[in-house]
Amino acid sequence: MDQLLEKGKQMQYESANELKKFEAMLHSKEEQLRVHKKQTMSLTTMVEKLRATLHSTEEQLQEHKKQNMFLTQLTAKTLPKGLHCLPLRLTTEYYRLNSSEQQFPNHEILDNPLFHHIALFSDNVLAAAVVVNSTVTNSKHPSKLVFHIVSDRLNYAAMRMWFLVNPPGKASIQVRNIEEFTWLNSSYSPVLKQFHSQSMIDYYFRAHSANSDPNLKYRNPKYLSILNHLRFYLPEIFPKLSKVLFLDDDIVVQKDLTGLWSLDLKGNVNGAVETCRESFHRFDTYLNFSNPLISKNFDPGACGWAYGMNLFDLEEWKRQNITDVYHSWQKLNLDRQLWKLGTLPPGLITFWKRTHPLDRRWHVLGLGYNPNVNQIEIERGAVIHYNGNMKPWLEIGIPKYRNYWAKYVDYDHVYLRECNINP
């Protein structure tokens with residue numbers, strides 16, 4: 001009996017010990033659970049803090065990008081002092097000349113279709129000088145070249161004076177004032193009428209801060225210059241010519257361009273280099289395909305092409321009533337719902353299915369915004385284009401591309417020295 005009692009006590013003692021162990025283990029687990037919960041809450045708090053920090057950093061980054069874009073746009077629109085000085089100096093000298101000294105030679109060939117005619121519309125004397133100088137320098141037949149420069153009222157005298165003092169070698173030149181084109185008025189040109197509208201002026205000039213301007217790329221007052229839209233009036237400007245090579249003033253010519261005038265455009269009006277190597281250079285980048293007028297008439301995946309070096313067949317232009325096509329679409333875009341601004345979107349529309357693709361070597365783009373343009377492409381390019389904000393005459397120009405442009409500027413020229421224009 002005593003043994004049974006002793007055995008019962010032993011079992012009771014062991015059970016009590018087991019219970020204590022279990023309770024200790026349970027307490028330990030509870031403690032671990034509390035620690036885990038605490039760590040989890042700490043991690044959750046940390047994750048939330050990291051998310052908040054990331055969100056704040058992203059907002060700051062976007063704000064910095066916005067401010068950087070604003071400042072870049074502002075810098076691109078602000079000419080250096082030297083480029084303000086130069087036209088003033090040239091204009092003063094021009095009006096000191098007598099009328100006979102203000103004339104260019106070779107008037108008789110300005111309308112001769114047997115010569116190679118180049119159109120350049122610019123208010124930048126130095127930029128225009130580089131275009132002319134580089135074209136003539138690299139031409140095998142400079143005596144066949146005729147440059148037609150059109151400038152605005154403020155820069156007309158300066159442009160004339162520069163080329164009177166610096167004639168383009170054996171090539172011929174004409175400098176005209178856009179004011180001469182009396183037919184170019186708001187009654188004839190829808191875009192000119194829009195320029196004078198209050199809504200257009202408000203769009204450009206009432207939103208200058210980085211915070212209030214969501215479309216800085218398009219809200220550049222340069223688009224209010226009719227010089228940018230003269231390219232749509234080439235047959236009116238050159239009624240006796242059959243072909244014209246259009247050049248922007250932010251290009252450099254590196255090769256002989258003679259071969260362009262013998263190209264067969266196969267019934268098209270515009271010869272241009274296509275730019276759809278990347279997807280963002282297709283039609284849907286420039287046009288609003290949510291608008292039925294655009295979506296039912298154009299292909300969003302169609303390849304875009306470049307302005308800056310374009311061969312235009314003016315006979316085909318007139319035969320296909322291109323200027324009327326341009327006017328029709330400009331009227332439809334009065335509220336800017338089909339495209340924003342600039343000349344490329346209406347150009348894509350106007351010359352839709354009327355553009356002949358040129359070999360890419362004729363025109364290399366991107367030197368005004370892309371620091372990674374292929375070096376081989378630049379070297380073999382007939383024309384290189386500083387499209388973008390980083391023009392080679394500005395401090396924000398991409399340094400490694402500057403010399404392609406600068407080598408056609410004579411920085412020892414008296415007018416450039418007087419205006420402190422340096423490499």
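Which residues have the most contacts inside the largest nonpolar core? Select Leu-86, Phe-163, Leu-245, Leu-257 and Trp-405; the core has 65 residues. A nonpolar core here is a set of buried Ala, Val, Leu, Ile, Met, Phe, Trp, Tyr and Cys residues joined through side-chain atoms within 4.5 Å. Buried means under 20% relative accessible area, with a 1.4 Å probe and protein chains only.

The model is predicted: local features need pLDDT of at least 70, side-chain atom pairs count only at pLDDT 80 or more, and totals for chains, interfaces and linings use all residues. Residues are numbered from 1 along each chain as its sequence is written, and side-chain values use heavy atoms, without hydrogens and water.

Next, select helix α3, residues 125-137 (helices are DSSP runs of H or I, at least four residues, numbered from the N terminus). Helix α3 gives the most to the largest core, with 9 residues.

Add helix α4, residues 156-165. The two axes, lines fitted to C-alpha atoms over the stretch in contact, come within 10 Å and cross at roughly 40 degrees. Show Val-125, Ala-128, Ala-129 and Val-132 on α3, then Ala-158, Met-159, Trp-162 and Phe-163 on α4; these make the contact (heavy atoms within 4.5 Å).

Stay on α3 and pick Thr-135. Thr-135 is buried, at 3% relative accessible area. Leaving out residues up to four places away in sequence, Thr-135 touches Ile-118, Leu-145, Phe-147, Leu-247, Val-253 and Leu-257.

Finish at Trp-405. Beyond four places in sequence, Trp-405 touches Leu-126, Ala-127, Val-130, Val-252, Tyr-386, Pro-392, Trp-393 and Tyr-411.

Methods
Buried < 20%, exposed > 50% of the residue type's maximum accessible area, 1.4 Å probe, protein only. Helix = DSSP H or I, 4+ residues; strand = E, 2+ residues; numbered from the N terminus. Axes fitted to C-alpha atoms, helices over the stretch in contact; angles between N-to-C directions.
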